[in-house]
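Here is a friendly walk through a structure you may not have met before. Take a look at it first, then read on.

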Amino acid sequence: MRSLTNFAPSTFEERGAAVAFTTPVLAQTRVRKDSRDQLEVLVPNLSEGRGVYVVPWKSLPLAFPMTVHDRMLHDLIAKAEGCSPDDIRKAVLEAARCGLAGGGAVAAAEAALSDDEDQRLLINYQLIVEALKAVGLESTEILKVGLTSAEGQKLTRDLMMKAAQRLALEPKELYGRIAELALMMEAIGLASSPKPARLRRLMRDLQGFRDSMTDWATDNVSEAAPIGGFCAEVAEHTVNHARNVIGQFDQAMASFEVLLRQWETKRPQIRKASSRLSWLLDGWEYLILLWNDALTQDRYSQDMAVHDIFRVIPLLPKDEGRAEQSALADKLINSHKRSVRAYVDWRSGQLDVDLVMRIETIKGRAA
Amino acid sequence: MEMRDLVALGDKLLDIDEPKFRQIVDLLEQMNDHPDIQRTIAVIRPRLVELRLHRRPTLKRLFCDPFEDLFEALGKADPVPLSVIERSLMNSLWPLVEAEVGKERMRAFRPALQAGPERKALTEAFWGECAAAVTTIAQGAVAGHFSEALDLRMNPNRTRALADIAVLLSIAPEIMELKAALSPKPVPKLHGDHIEAIQTIGRRLSRARPESLRIFILLAASRLTDPSVLLSGLWDMDLGQKSTDRATLFMQLSGTVVAQIEDRSRSWQDTPASDRMAVADLALDLVASLDATRAAMEHSRNKEFDQRLKQVRNSVHTMVKTQVLQDADAGIVAAIGALEGGSEGRAQLAQAENHARALRKCATIADTLGLRGELREMTQKTTASLTEKAQQALGGPAGSTRTGYTAIRMIELIAGPAEANKIMDDIMSSGRR
């Protein structure tokens with residue numbers, strides 16, 4: 001077991017990606033690859049003291065009794081190629097769709113997948129429009145006849161041929177670049193998009209979380225207030241970083257012609273920024289929903305929710321320039337009395353039915 | 001803002017944001033004791049309690065300090081005091097106390113509301129005079145008659161409450177000491193220092209005011225999450241009484257605790273039939289109280305209480321049997337079939353999940369209620385039907401995976417993840433689709 005300060009990860013990959021397990025003790029624990037490229041999971045200390053347990057992925061079902069949903073998710077992650085936030089999200093949605101975490105989770109997963117599909121179409125169309133605009137071609141005609149109609153597709157092909165000529169590129173190459181860019185931008189979307197994409201929405205919600213938590217912690221006599229204040233601070237730093245990354249994207253998109261022309265130099269930058277943004281915001285969605293849910297409940301539940309959030313809060317890694325976050329968290333653990341939640345029913349030692357139900361309800365609200 | 005505008009807001013005040021709510025409470029406080037304002041305060045009281053707003057100190061509030069723990073519970077989950085004082089009785093009583101003490105004297109007590117060297121002495125003197133005033137008023141209010149002065153019919157509960165208020169005001173300094181020791185309210189578990197404090201203050205009272213000991217103990221119990229917890233501690237406490245007095249006090253508290261459990265055991269009839277989890281939660285709470293009370297009464301077997309507790313147990317037995325066990329299998333299995341039935345099917349499924357969770361929750365109390373066999377039988381029967389459904393759906397070519405996984409989920413909710421994982425592994429290893 002390592003203390004939080006000792007554990008303090010240097011990179012996002014070392015911090016691991018949050019997994020939406022429904023077993024209370026495992027909820028939002030992080031998975032990463034060890035030095036031998038094997039998956040391992042980081043479980044925050046069970047007695048809510050200092051440190052984290054590092055458990056090999058394969059041994060997880062032996063170490064902790066898991067719900068059936070979590071067993072399936074465990075399998076899916078083991079079979080997936082990577083363990084980035086996007087890989088984990090894919091597995092989480094697939095597991096939720098099966099119905100093992102309840103009807104709410106099925107509906108939420110289907111809504112999320114359908115939203116992904118809509119965003120994919122939208123970003124593709126928007127990038128084509130941007131490409132045409134960049135070389136001075138008019139695209140309103142495509143919109144009139146409809147992008148999906150045969151006439152619309154023909155029109156698009158013709159215009160794209162012209163655009164490729166003006167950019168001195170093979171049409172296939174132009175299509176390839178736009179398709180690749182669309183894939184990288186799918187979760188971020190464009191600033192001008194009529195419906196903000198997932199990560200932009202998440203950043204907006206994180207700002208709301210920060211404001212709400214700051215309000216809650218100010219003038220609050222509860223022992224959880226300083227912990228809440230710390231959570232708001234971590235959210236603040238994360239929002240600032242995310243805002244910078246999104247700013248870089250928007251800047252790159254504003255000079256779209258340069259982006260297409262200098263593709264080889266710009267591509268790694270865009271790819272890195274896209275991956276950094278999903279790492280930055282990874283794990284926050286559940287915490288935001290958990291907090292929104294707690295706000296409708298009594299003070300005691302709010303205190304407990306703050307402790308729950310603190311236990312799995314995504315601290316920024318050292319390389320992101322916020323090395324002191326882990327040290328601050330360690331200090332908070334030492335100086336403040338915290339309520340310890342029993343993750344099992346004290347009467348039977350089995351999974352706490354009410355806690356699992358609460359996690360599933362929150363899962364049902366994610367989309 | 002006009003007073004009528006504020007009053008018109010009524011229960012909307014429960015939903016507005018916190019800063020605005022605090023502002024409005026300030027405004028309401030600045031207005032006088034108009035009945036409309038009092039009604040509005042009554043509506044928003046649960047939120048006032050939840051936010052623990054520091055309200056403007058008034059003599060009326062100071063008057064209530066020693067007995068406020070006995071006011072009727074506001075929220076469903078709040079512990080019910082063992083000896084309730086109605087807020088309306090206190091509201092009618094206060095003007096009479098003011099008149100009895102006299103305007104001049106009341107004005108003299110005002111500095112008790114501010115910090116200062118004379119605060120403690122003034123406060124204690126204030127409670128002392130109020131106690132005398134309430135005793136006089138109580139003498140004028142004849143049980144069974146309508147009291148003109150209070151504008152209330154004096155039923156036995158109100159007569160008892162008036163006497164209790166007088167006693168509690170007369171021992172107010174000790175009550176304040178007790179409140180400081182048993183805080184924050186509600187106290188979930190009695191620790192050594194809690195017992196020590198009750199014992200020390202109780203001993204002092206039993207020497208000076210032995211008649212106040214009963215209400216003192218009831219007030220101490222009302223500061224606990226479950227008042228029956230105090231019963232088990234009480235027997236071992238040395239309050240400096242004679243053994244017969246101790247037995248009488250113990251019996252009095254036992255009687256009140258048992259009556260309260262009886263009341264709670266009747267409340268399930270108001271729960272909607274579809275909310276099986278609420279029934280299971282109530283059953284668990286009642287069994288915990290029953291166990292604590294029965295354990296405490298080991299020292300002094302009393303046939304009447306035994307009989308009454310047995311009846312409560314029977315009532316919980318019936319409740320679990322009819323509301324949770326009966327037809328559980330049919331309802332849960334049918335919901336799997338209705339999975340494709342749109343929103344109606346989803347509602348049915350949610351209800352079935354609720355039922356399945358209730359069934360599992362009741363497993364912890366089945367032994368105590370003598371329902372172990374029936375529960376095991378029902379669990380096995382339902383699990384067998386669900387396993388069959390899961391096998392058909394996941395094992396055969398024609399089934400729907402969603403139905404299969406939902407059946408597995410139901411098994412998990414009823415029998416736990418270990419059993420569900422085992423069944424899932426068996427199905428998957430015998431021919432995964």
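What follows covers confidence, chain B, the contact between the chains, the nonpolar core and some strands.

Keep in mind that this is a predicted model. For the complex, the predictor reports an ipTM of 0.82 and a pTM of 0.75. Chain B has an average pLDDT of 83, and 90% of its residues reach at least 70. A word of caution: where pLDDT is low, the predicted coordinates should not be read in detail.

Let's start with chain B. Helices dominate the count here, with 21 of them against two strands. Of the 433 residues in chain B, 34% are buried. If you take the contacts in chain B with a separation of 6 or more, 70% of them join residues 24 or more positions apart. The domain assignment splits chain B like this:

| Domain of chain B | Residues |
|---|---|
| domain 1 | 1-56 |
| domain 2 | 59-225 |
| domain 3 | 327-429 |

Measuring over C-alpha atoms, the centres of domain 2 and domain 3 of chain B are 53 Å apart.

Now, how do the two chains meet? On one side are 18 residues of chain A, and they are in contact with 22 residues of chain B. On the chain A side, the elements that supply two or more residues are α4 (68-79) and α17 (353-365). By type, that side of chain A has eight nonpolar residues, six polar ones and four charged ones.

Next comes the inside. The largest nonpolar core has 191 residues, and those with the most contacts inside it include C231(A), V134(B) and L168(B). Its top contributor is helix α6 (residues 103-134) of chain A, which gives ten residues. From chain B, domain 2 (59-225) and domain 3 (327-429) each add at least three residues to this core.

Which residues does C231(A) touch, leaving aside its neighbours within four places in sequence? They are M213(A), V306(A), I309(A), F310(A) and I313(A).

Finally, have a look at the strands near the start of chain A's numbering. Strand β1 (residues 17-18) of chain A runs antiparallel to strand β2 (residues 30-33) of chain A, with two bridges between them. In that pairing, A17(A) has V31(A) as its bridge partner. β2(A) also pairs with strand β3 (residues 39-44) of chain A, again in the antiparallel sense, over four bridges. Here R32(A) is bridged to E40(A). β2(A) and β3(A) make a hairpin with five residues between them, and D37(A) in the turn has a positive phi of about 70°.

Technical notes
Residues are numbered from 1 along each chain as its sequence is written. Chains are lettered from A and ligands numbered from 1 in the order in which they are written. This is a predicted model: local features need pLDDT of at least 70, side-chain atom pairs count only at pLDDT 80 or more; totals for chains, interfaces and linings use all residues. Two residues are in contact if their C-beta atoms, placed from the backbone, lie within 7 Å. Ala, Val, Leu, Ile, Met, Phe, Trp, Tyr, Cys and Pro count as nonpolar, Asp, Glu, Lys and Arg as charged, and the others, Gly among them, as polar. A residue is buried if 20 or more other C-beta atoms lie within 10 Å of its own, exposed if 12 or fewer, and partly exposed in between; C-beta atoms are placed from the backbone. pLDDT is the predictor's confidence in each residue, from 0 to 100. Domain bounds come from an automatic or database domain assignment. A nonpolar core is a set of buried Ala, Val, Leu, Ile, Met, Phe, Trp, Tyr and Cys residues joined through C-beta atoms within 7 Å. Two strands pair if DSSP finds at least two bridges between them.
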